[in-house]
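Please look over the sequence and the model shown here before reading on. The report below moves from the whole chain to a sheet, and then to a single residue.

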Amino acid sequence: GEIVILGATGGRLDHMIGNIQLLYPCLQKGIRASIIDPQNRLYLIDGETVFRRMKSGERNFLPASYTGGNRNYLKGLKYPLENKDICIGTSLCISNELIEEEGRITFSEGVLMAVESHD
């Protein structure tokens with residue numbers, strides 16, 4: 001199965017960040033887990049991941065751990081990425097869209113937050 005956490009993005013940022021961190025033990029155990037609210041779906045990824053087209057919305061990738069020296073690739077998205085670091089402190093992979101039926105992110109170390117946003 002999958003764990004879906006609802007009501008985790010309310011008004012308090014400390015609680016929201018804590019709830020996001022609850023996803024990490026699930027990732028370590030190979031359990032699919034996500035936080036969902038009316039506009040977003042957030043989950044953690046730790047390696048190559050394939051994405052399917054959504055009706056609308058953006059794909060965002062934010063570092064959740066140190067990934068220095070890690071070469072990342074994004075394919076099938078409006079703003080592709082090739083051989084770049086996605087490190088804490090960057091907004092390099094925010095507001096991207098699938099332009100093909102399938103997109104792919106490839107990286108070899110670290111953890112990224114994947115956020116599917118719908119406005």
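## Surface and overall dimensions

How much accessible surface does the chain have, and what percentage of it belongs to carbon and sulfur atoms? In this model, which is predicted, the accessible surface of the chain comes to about 7,200 Å², and carbon and sulfur atoms hold 51% of that area. Of the 119 residues in the chain, 35% are buried.

Taken along the principal axes, the box filled by the C-alpha atoms is roughly 35 × 30 × 30 Å. The radius of gyration of the chain is 14 Å, and because a compact globule of 119 residues would have a value near 14 Å, the two agree. Among the contacts in the chain with a separation of 6 or more, 64% are between residues 24 or more positions apart.

## Order of the elements

The chain contains two helices and nine strands. Read from the N terminus on, these elements follow one another as β-α-α-β-β-β-β-β-β-β-β, an order in which both helices come after the strand at the start and before the remaining strands.

## The five-stranded sheet

Five strands form an open sheet in the order 1-2-3-9-5, and their pairing is mixed. Strand 1 (2-6) and strand 5 (58-63) stand at its edges, and since each of them has a single partner strand, one side of each is left without a neighbour in the sheet. From one strand to the next, the twist averages 25°.

Within this sheet, strand 3 (residues 40-45) and strand 9 run antiparallel and are joined by six bridges. One residue pairing involving strand 9 places Leu44 opposite Met113.

## Glu116 in strand 9

Strand 9 spans residues 112-117 and includes Glu116. Is Glu116 buried or exposed, given its relative accessibility? The relative accessibility of Glu116 is 10%, and because residues under 20% are classed as buried, Glu116 counts as buried.

Which side chains make polar contacts with the side chain of Glu116? One is the side chain of Tyr43, for which the polar contact with the Glu116 side chain is 3.0 Å, and another is the side chain of Arg59, joined to that of Glu116 by a polar contact of 2.7 Å. Tyr43 falls within the residue range of strand 3, 40-45, while Arg59 falls within that of strand 5, 58-63, and in the sheet order 1-2-3-9-5 strand 9 is written between these two strands.

How values were computed
Residues numbered from 1 in each chain as written. Predicted model: local features only at pLDDT ≥ 70, side-chain atom pairs only at ≥ 80, totals over all residues. Heavy atoms only, no water. Helix = DSSP H or I, 4+ residues; strand = E, 2+ residues; numbered from the N terminus. Buried < 20%, exposed > 50% of the residue type's maximum accessible area, 1.4 Å probe, protein only. Polar contact = N/O pair within 3.5 Å; in protein donor to acceptor, adjacent residues only side chain to side chain. Pairing = 2+ DSSP bridges. Axes fitted to C-alpha atoms, helices over the stretch in contact; angles between N-to-C directions. Rg over C-alpha atoms; globule rule 2.2 N^0.38 Å. Contact = heavy atoms within 4.5 Å. Areas by Shrake-Rupley, 256 points an atom, 1.4 Å probe, with all protein chains shown as cover.
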